[in-house]
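Hi everyone, thanks for coming. I'll take a few minutes to walk you through a structure that's new to most of you, so let's get it up on the screen.

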Amino acid sequence: MSKPTVKPSRPFFSSGPCAKRPGWTLTGLDQALLGRSHRAPEGRARLKEVITRSKDLLGIPSDWRVGIVPASDTGAVEMILWALAGERGIDVLSFESFSGTWAQDLRDVLKIEDLRVLDAPYGELPDLAAVGWSRDVVLTWNGTTSGVCIPNADAIPVEHEGLVICDATSAAFAMDLPWDRLDIVTWSWQKALGGEAAHGMVALSPRAATRLSQPSPRPLPKIFRLANKKGLIEAIFEGDTINTPSMLCVEDALDGLRWAEQIGGLPALKARSQQNLAAVAQWIETAGWVSFLSVREETRSSTSICLKITAPWFESLSDEVKGKAVKHLTGLIAKEGAGYDLAAYRDAPSGLRIWGGATVERADIEALLPWLDWAHEQTRLEFSA
């Protein structure tokens with residue numbers, strides 16, 4: 001097979017930090033409030049603007065509270081689990097690396113006694129009909145490392161006794177989130193709008209805010225505290241932060257939000273991501289050596305597009321050699337400058353992962369796919385007996 005001649009204009013397909021928006025340049029950060037305190041009125045106003053624009057773009061109800069928190073989405077989820085877990089029984093959905101981490105933390109670190117882990121292998125979802133909605137529920141809307149997403153909100157009752165805690169880091173700004181059926185939603189800047197790492201966000205329904213305003217069942221470090229002896233720290237949802245944010249990252253987050261608004265908001269973001277998934281699906285129909293990791297079509301993620309190599313030569317390899325083969329395949333493409341960060345997550349089955357969020361152009365994915373075919377053939381010659 002001859003080497004392709006056309007390369008993606010932007011060969012950036014990492015699932016975090018993700019590609020910057022089309023047309024992004026450093027000049028977009030010229031107005032960053034550098035050398036100033038985030039506590040100054042100007043700094044606080046920029047942080048509040050991130051909150052307001054995010055809330056408007058995602059369609060978050062007006063009575064919800066939204067705040068900026070430390071340590072990306074991981075920090076956002078952890079602060080919620082540490083603050084709330086244990087008041088009532090918990091069901092947690094575990095079907096990929098990060099949702100598995102939340103289950104492990106609840107079981108082994110927080111040692112929640114009344115805990116049910118509803119698990120499924122990579123490529124599948126747990127049985128949503130088995131979830132006890134009278135309990136607190138921890139779910140990941142889109143599995144960043146498995147390419148499997150919850151297809152719709154039908155399984156979640158509008159009226160439920162417990163809190164539904166949703167890790168939406170690779171779903172926000174790309175998929176519909178049912179705000180009337182969720183209570184706590186987290187995400188990070190580094191995913192669908194191509195922001196920088198280390199900053200997370202948390203959105204709280206009124207019911208969740210009431211729960212969080214009560215004393216925590218355990219001591220909390222400062223960076224986990226959304227409440228104090230007086231109740232919920234309301235200033236966090238008005239532009240204050242628990243620790244010092246990067247004002248350069250704040251300006252970059254605003255740049256991404258403004259771009260999203262200019263192209264048509266959430267409907268446009270969703271459409272761009274779906275077009276990227278469609279390009280990969282069309283290619284898979286004729287590629288002959290690869291398929292989606294997601295077992296069911298309706299659960300295929302349009303952001304973290306995870307693929308498994310189904311060619312007989314690859315399936316005959318040991319797990320260790322499969323990892324080496326994927327490293328070889330993706331390394332060939334990276335060496336050519338035709339695509340970066342294409343290997344599956346380290347804990348996932350050996351395979352490929354292409355970020356398909358709205359900041360990635362469909363034309364760049366279409367230019368990448370022939371390179372995958374070429375690198376697969378080169379790798380087959382190298383590894384097959």
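How many of the five residues of strand β8 are buried? Five of the five, so to speak a full house: β8, residues 184–188, is mostly covered. Before I go on, please keep in mind that this is a predicted model.

Let's stay with β8 for a moment. Its side chains go two ways: I184, T186 and S188 point one way, V185 and W187 point the other way, and all of them are buried. Now for the neighbours. Strand β7, residues 164–167, pairs with β8 in the parallel sense, over three bridges. If you want a spot to zoom in on, D167 has T186 in β8 as its bridge partner. Then there's strand β9, residues 199–204, which runs antiparallel to β8 and is joined to it by five bridges. Here you can find I184 standing opposite L204 in β9.

Next, the nonpolar cores. The largest one has 89 residues, and W141, W187, I354 and L372 touch the most other members. You'll recognise W187 from β8, where it points the same way as V185. Helix α5, residues 247–262, gives the most to this core, with eight residues. There's also a second, separate core of 33 residues, and L204 is among its members, along with A76, A209 and I242.

Back to L372. Which residues does it contact, leaving aside neighbours within four places in sequence? They are W283, W289, L329, I333, L342, L352 and I354.

L372 is also one of the buried residues of helix α9, and others on that list include W371, W374 and H376. This helix covers residues 362–383, so to say 22 residues, and reaches 31 Å from its first C-alpha to its last, close to the 32 Å expected at 1.5 Å a residue. What covers its buried residues? Among others, α6, α7, α8 and β14.

And β14 takes us to the last stop, an open sheet of three strands in the order β12-β13-β14, with antiparallel pairing. β12 (290–292) and β14 (352–355) are at the edges with a single partner strand each, so one side of each has no neighbour in the sheet. On average, neighbouring strands here are turned by 30° against each other, ignoring direction. Between β12 and β13, residues 304–309, there are three bridges, and V290 has I309 as its bridge partner in β13.

That's my tour, thanks for listening!

Note on methods. Residues are numbered from 1 along each chain as its sequence is written. This is a predicted model: local features need pLDDT of at least 70, side-chain atom pairs count only at pLDDT 80 or more; totals for chains, interfaces and linings use all residues. Side-chain values use heavy atoms; hydrogens and water are left out. A nonpolar core is a set of buried Ala, Val, Leu, Ile, Met, Phe, Trp, Tyr and Cys residues joined through side-chain atoms within 4.5 Å. Buried means under 20% relative accessible area, exposed over 50%, partly exposed in between (1.4 Å probe, protein chains only). Helices (H or I, at least four residues) and strands (E, at least two) are DSSP runs, numbered from the N terminus. Contact means heavy atoms within 4.5 Å. Two strands pair if DSSP finds at least two bridges between them. Axes are lines fitted to C-alpha atoms, for helices over the stretch in contact, and angles run from 0 to 180 degrees between N-to-C directions. The expected span of a helix is 1.5 Å times one less than its number of residues.
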